[in-house]
Amino acid sequence: MGAGGSGVFVVVEGPEGAGKSTLVRSLAARLQAEGRPVVTVREPGGTPVAEAARKVVLKFPHDMTPAAELFLFLTARTDLVQRVIRPALEAGDVVIADRYNLSTMAYQVAGGGLPFDEVEQAIRLATGGLVPDVTLVLDIPVAVGRERQRAARKVQDRFERQDDAFHRRVLEAYRHAQGPGVVHVDATQSKKAVLDAAWKEVLAATALPIRGSS
Ligand code: TYD
């Protein structure tokens, strides 16, 4: 099922420290320079409900089950899809999201051990089946990504504090991701090389006058 509009939905995914937010900003700037209206979002977040869920799921100081995490992430996602992403796609905008469904499959299924099929169904319910046209999966070894993060940030969230084994499962899940519109990009390259590789994919998708559905 697609968005039903003429916009294009681009998602940037990958493990911690892969450079997703930098890439989202650079892609948005290039699209704007080309005259394409762009909306950027970051998950979890982007609406009052989603920001409230974000605060709990990332900052809650006690243990939480992976299923509790799942429903908090999906609370955030359903609100963002309904209030921001779908309306933007229906208006013909390009939407670029920093994380979406693949994060849930990587962190809550591969990382947290939840069952794939049930999570997939829950995601479908939360998103109404909205899937990206392009998913750019940034690939970076766990140690490199975590070191980049350590260098850049002071306070770690609950997921960044997980052990290396968890982060290796997350990375493996990303590496195995495949499907319509999924493209893997080597994030150890220079920022410019990453942007150029991503841009090629986004151009191909945004050149289509009417978005496809899947
Ligand atoms: P954030 O600081 O927003 O972003 P990033 O780490 O991408 O710079 O942290 C979001 C965290 O939430 C990140 O550790 C991944 C995790 N996450 C999930 O576990 N499941 C999800 O479905 C999403 C969207 C994020």
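This section describes a helix pair, a one-sided helix and several local features of the model.

The structure is a predicted model. Its mean pLDDT is 92. A value of 70 or more is reached by 94% of the residues. Confidence drops in one stretch: across residues 208-214, pLDDT stays under 50. For that stretch the model has 18 contacts beyond four places in sequence.

Helix 3, residues 66-90, packs against helix 5, residues 116-127. The angle between the two is about 35 degrees. Their axes lie 8 Å apart. The crossing is right-handed. Helix 3 contributes Leu70, Leu74, Arg77, Thr78, Val81 and Arg86 to the contact. From helix 5 come Val119, Ala122, Ile123, Ala126 and Thr127. Seven residues of this contact are nonpolar, two are polar and two are charged.

Helix 6 spans residues 142-152. Its buried residues are Val142, Gly145, Arg146 and Gln149. They lie on the same side of helix 6, because they cover an arc of only 95 degrees around the axis. The spacing follows from helix geometry: an α-helix has 3.6 residues a turn, so residues three or four places apart point the same way. The cover over the buried residues of helix 6 includes helix 7, residues 164-176. On the face turned away from the buried side, helix 6 carries the exposed residues Ala143 and Ala151.

Two loops show distinctive backbone geometry. The first joins strand 2 (38-42) and helix 2 (48-59), and Pro44 is found in it. The peptide bond from Glu43 to Pro44 is cis. Its omega is near -10 degrees. The other loop runs between strand 3 (94-98) and helix 4 (101-111) and holds Arg99. Phi of Arg99 is near 80 degrees. This is a positive value in a residue other than glycine. Arg99 has a relative accessible area of 13%, so this residue counts as buried, being under the 20% cut-off.

Thr206 belongs to helix 8, residues 191-206. Its relative accessible area is 9%, so Thr206 is also buried by the cut-off of 20%. Neighbours within four places in sequence aside, Thr206 is in contact with Val8, Leu31, Arg36 and Val94. Of these partners, Val94 falls in strand 3, which covers residues 94-98.

Terms used: Residues numbered from 1 in each chain as written. Predicted model: local features only at pLDDT ≥ 70, side-chain atom pairs only at ≥ 80, totals over all residues. Heavy atoms only, no water. Axes fitted to C-alpha atoms, helices over the stretch in contact; angles between N-to-C directions. Helix = DSSP H or I, 4+ residues; strand = E, 2+ residues; numbered from the N terminus. Left-handed = near helix turned anticlockwise from the far one by under 90°. Contact = heavy atoms within 4.5 Å. Nonpolar A, V, L, I, M, F, W, Y, C, P; charged D, E, K, R; others polar. Buried < 20%, exposed > 50% of the residue type's maximum accessible area, 1.4 Å probe, protein only. Arc of directions from axis to C-beta. pLDDT = per-residue confidence, 0-100.
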